[in-house]
Amino acid sequence: MKVKSLEWIKGENGYLKLLDQTLLPHKVRYIICKNTDIVYRAIQALAVRGAPAIGVAAGYGLYLGARCIKAKTPGEFLKRLEIIAQKLISARPTAVNLAWAVNRISSSVHKLNSSSVSEIKKQILLEAKAIHREDIVTCDKIGKSGSGLIRNGMGVLTYCNAGLLATAGSGTALAVFYQAKKEGRKFKVYVPETRPLLQGARLTAWELKQNKLDVILLCDNMIGKLMSERKIKLVVTGADRITANGDTANKIGTYQVALMAHHHRIPFYVAAPLSTFDFKLRTGKEIPIEFRPETEVTCIAGKPVAAKGVPAYNPAFDVTPSEFIKGFITEKGIITPSHLYKEIVHV
Ligand code: MRU
């Protein structure tokens, strides 16, 4: 693994170093975040992106904000912390890992019941680091849970980027591929470019090539043809939020991929950590979907491709109904949609 999507540098007076994913694959540049605003803007601009990675980044973003709060009492401090927490959560609404990470840190400081503001600040950084460490371990476990699905000589398809760039570790969907390669299997990974922002072309193809996997890039409208030619035997994608019934929000276009896979009887798996499951929501209809600027559709890499003034539709995510998902590859093994509640809530 050659690059890290994010890193905390030094101790309590340190900063968050984020790989600027908007510049990939042409430039490897970092954003130095010394306050919450920079982290918030980096999340909104997709400089850091992917559900687990934005959760980890937001944890550090909360600490950067907390570090600057000048409050005399813990009560006053916690009130101001809550404002920062809500602002970070509002940066992107669909990926539940963002709210999950921020809320986990907030509840850990409430449990602390401390009389000292400086102790609470320390706890925030400790918890942000714990989330970061756990994500690295979780990615490897997801890889091991799913690698057995890949056989020698297989063609597999992923969508968007659910790799090391989307997490603090080796990824979710792509962790499965990295692990299968480690175990000695040879296979081809088909990567659709993923319009509008081309995470497949710019990020997934780049990171797979860096890690010496056999990768083939295609346009999004080539998936059906490849499937009809039986070149794809397995689909593995990531997820931004999975509801109690197994409906899954992921990058716009994932639903179409799942439908095509279903038609061609190709197993479609979703790889995700337990932090991406949201059992407060019953079905995918309740998932808030982020809409992004029309210019992401009317332009490619900043260059207009449509006539001036043409309106565009730009939801960043869609929802794949659970009936099209064969299983969820998690750090606790592979779980089928019908066993979700039993196996996750009661473990
Ligand atoms: O808009 P993005 O690039 O943040 O969308 C990311 C995705 O949809 C990923 O597939 C998902 O977050 C899973 S990441 C492990």
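**Exercise 1. A loop residue**

Is E229 buried, partly exposed or exposed?

*Solution.* The model is predicted.
Step 1. Locate the residue: E229 sits in the loop between α8 (223-228) and β7.
Step 2. Read its relative accessible area, which is 34%.
Step 3. Apply the cut-offs: buried is under 20% and exposed is over 50%, with partly exposed in between. E229 is therefore partly exposed.
Step 4. Check its surroundings. The side chains of E229 and K225 share a polar contact of 2.5 Å. The C-alpha atoms of E229 and G155 are 11 Å apart, with these positions 74 residues apart along the chain.

**Exercise 2. The sheet**

Find the order of the strands in the seven-stranded open sheet, and say which strands stand at its edges.

*Solution.*
Step 1. Begin with β5 (residues 188-192) and β6 (residues 214-218). These strands run parallel and are joined by five bridges. Within this pair, Y190 has I216 of β6 as its bridge partner.
Step 2. Go to strand β4 (residues 155-157). Two bridges link β4 to β7, again in parallel. V156 stands opposite L234 in β7.
Step 3. Continue from β7 to β10 (residues 268-271). Three bridges connect this parallel pair. Here V236 is partnered with Y269 in β10.
Step 4. Write the full order: β6-β5-β4-β7-β10-β15-β16, with mixed pairing.
Step 5. Name the edges. β6 and β16 (333-335) each have a single partner strand, so one side of each has no neighbour in the sheet.
Step 6. Add the twist. It averages 30° from one strand to the next.

**Exercise 3. The crossover**

Which helix joins β5 and β6 in a β-α-β unit, and what is the handedness of that unit?

*Solution.*
Step 1. The helix is α7 (residues 199-210).
Step 2. β5, α7 and β6 together make a right-handed unit.
Step 3. Inspect the loop between β5 and α7, where P196 is found. The peptide bond between R195 and P196 is cis, with omega about 10°.
Step 4. L198 is found in the loop between β5 and α7 too. Its phi is near 60°, a positive value in a residue other than glycine. At 14% relative accessibility, L198 counts as buried.
Step 5. Set this against the general rule. Most residues other than glycine have a negative phi, and most peptide bonds are trans.

**Exercise 4. Two strands, two patterns**

Compare the side chains of β7 (residues 234-237) with those of β3 (residues 30-33): which are buried?

*Solution.*
Step 1. Recall the rule: in a regular strand the side chains alternate between the two faces of the sheet.
Step 2. Take β7. L234 and V236 point one way, V235 and T237 the other, and all are buried.
Step 3. Take β3. I31 and C33 point to one face and are buried; Y30 and I32 point to the other and are not.
Step 4. Find the partner of β3. Strand β2 (residues 15-19) pairs with β3 in the antiparallel sense over four bridges. L18 has I31 as its bridge partner in β3.
Step 5. Look at the loop between β2 and β3, which holds P25. The peptide bond from L24 to P25 is cis, with omega near 5°.

**Exercise 5. An enclosed helix**

How many of the 10 residues of α6 (residues 173-182) are buried?

*Solution.*
Step 1. List the buried residues: A173, L174, A175, V176, F177, Y178, Q179 and A180.
Step 2. Count them. Eight of the 10 are buried, so α6 is largely enclosed by the rest of the structure.
Step 3. Look just after the helix. G184 takes a positive phi of about 100° there.

**Exercise 6. The ligand**

Which residues lie closest to the ligand, and how many residues surround it?

*Solution.*
Step 1. Count the surroundings: 17 residues, of which R49, R92, D240, N250 and K251 are the closest.
Step 2. Check the polar side-chain atoms. One of R92 is 2.8 Å from a ligand oxygen. One of D240 lies 2.8 Å from an oxygen atom of the ligand. In K251, a side-chain N or O atom is 2.8 Å from an oxygen atom of the ligand.
Step 3. Work out the cover. Alone, the ligand exposes 410 Å², and the protein buries 99% of that.

Technical notes
Residues are numbered from 1 along each chain as its sequence is written. This is a predicted model: local features need pLDDT of at least 70, side-chain atom pairs count only at pLDDT 80 or more; totals for chains, interfaces and linings use all residues. Side-chain values use heavy atoms; hydrogens and water are left out. Two strands pair if DSSP finds at least two bridges between them. A crossover is right-handed if, with the strands pointing away from the viewer, the path from the first strand over the helix to the second runs clockwise. Buried means under 20% relative accessible area, exposed over 50%, partly exposed in between (1.4 Å probe, protein chains only). A residue is near a molecule or strand if one of its heavy atoms lies within 4 Å of it. A polar contact is a pair of N or O atoms within 3.5 Å; within protein, one must be able to donate a hydrogen and the other to accept it, and residues adjacent in sequence count only if both atoms are side-chain atoms. Accessible areas come from the Shrake-Rupley method with a 1.4 Å probe; for residues, only the protein chains shown count as cover. Axes are lines fitted to C-alpha atoms, for helices over the stretch in contact, and angles run from 0 to 180 degrees between N-to-C directions.
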